[in-house]
Amino acid sequence: ALARPSKERRPDTIVIDRGAIDEAPEGLRPAGVVRRLPATLVDMVIYCGVCACLAYPVGRNIDWLTALSDPERLVDSLTDPSWVAHAAGILGLWIALWWCYFAVGWGLVGATIGKRIFGLRIVDHQGRSPIGLSRAFLRLAAYSVSSVTLGMGHLLVVLRPDRRALHDILAGTWVVRRDPKTTGNVAHDDVGPSADHDGGGS
């Protein structure tokens, strides 16, 4: 009988096996909250700063000091069709920016700016980085699930010994420390996988 040809998985194929749930890819060092939390805060500062710049042209059309002192005038300003249309456009840009910033950072680069500053990378369950756009979009969607559960999904980083949040588990990803001796490789532990002893961020 002829042997069946083996099928190679594409790097961005989303396959979550037991190893993605039970233990880290061999030798990688999961990052804890001391690195993950400030990295997330840096990303939020960058994102909110860009959002503020996008919103400034719309916001400056309203005299906020006068409007806040006159509630009726404030309502009239905020319900003006022209202002509403501009505000809706800015909101759409905010949403697009959110998805692009994190999907490109995680999926094509391997880390956002905040994570790179703190020496972190995101890998898939086989230790590959970057994780590809499909898995990055899955992780970002799962990130919303972690947030709507009143933050309990993020709190898992502190509670679980493997330092994984709910979105890491759902997407089959790990946040690990990057090897400081290289620009892209992740750090390996010669004695096996071990998490930072600093608790568990995003």
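The following exercises concern a predicted model of a protein.

**Exercise 1.** Determine how many helices and strands the protein has, and the pattern they follow along the sequence.

*Solution.* Begin with the count: the secondary structure consists of nine helices and two strands. Next, read the elements in sequence order, which gives α-α-α-α-α-α-β-α-α-α-β.

**Exercise 2.** State how strands S1 and S2 pair, and identify the bridge partner of Leu120.

*Solution.* First, take the sense of the pairing: S1 (residues 120–124) and S2 are antiparallel, with five bridges between them. Then locate Leu120; its bridge partner in S2 is Arg177.

**Exercise 3.** Explain why strand S2 is described as largely enclosed by the rest of the structure.

*Solution.* Sort the residues of S2 by direction: Thr173, Val175 and Arg177 point one way, while Trp174 and Val176 point the other way. Then examine burial, for which the relative accessible area must be under 20%. The residues on both sides are buried. Five of the five residues of S2 (residues 173–177) are therefore buried, so the strand is largely enclosed by the rest of the structure. For the protein as a whole, 37% of the 202 residues are buried.

**Exercise 4.** Establish how many disulfides the structure contains, and examine Cys48 and Cys51.

*Solution.* A search of the whole structure returns zero disulfides. Cys48 is in no disulfide, and its nearest cysteine sulfur, that of Cys51, lies 6.1 Å away. The criterion requires two cysteine sulfur atoms within 2.5 Å, so this pair does not qualify. Finally, compare exposure: Cys48 is partly exposed, at a relative accessible area of 46%, whereas Cys51 is buried, at 7%.

How values were computed:
Residues numbered from 1 in each chain as written. Predicted model: local features only at pLDDT ≥ 70, side-chain atom pairs only at ≥ 80, totals over all residues. Heavy atoms only, no water. Buried < 20%, exposed > 50% of the residue type's maximum accessible area, 1.4 Å probe, protein only. Helix = DSSP H or I, 4+ residues; strand = E, 2+ residues; numbered from the N terminus. Pairing = 2+ DSSP bridges.
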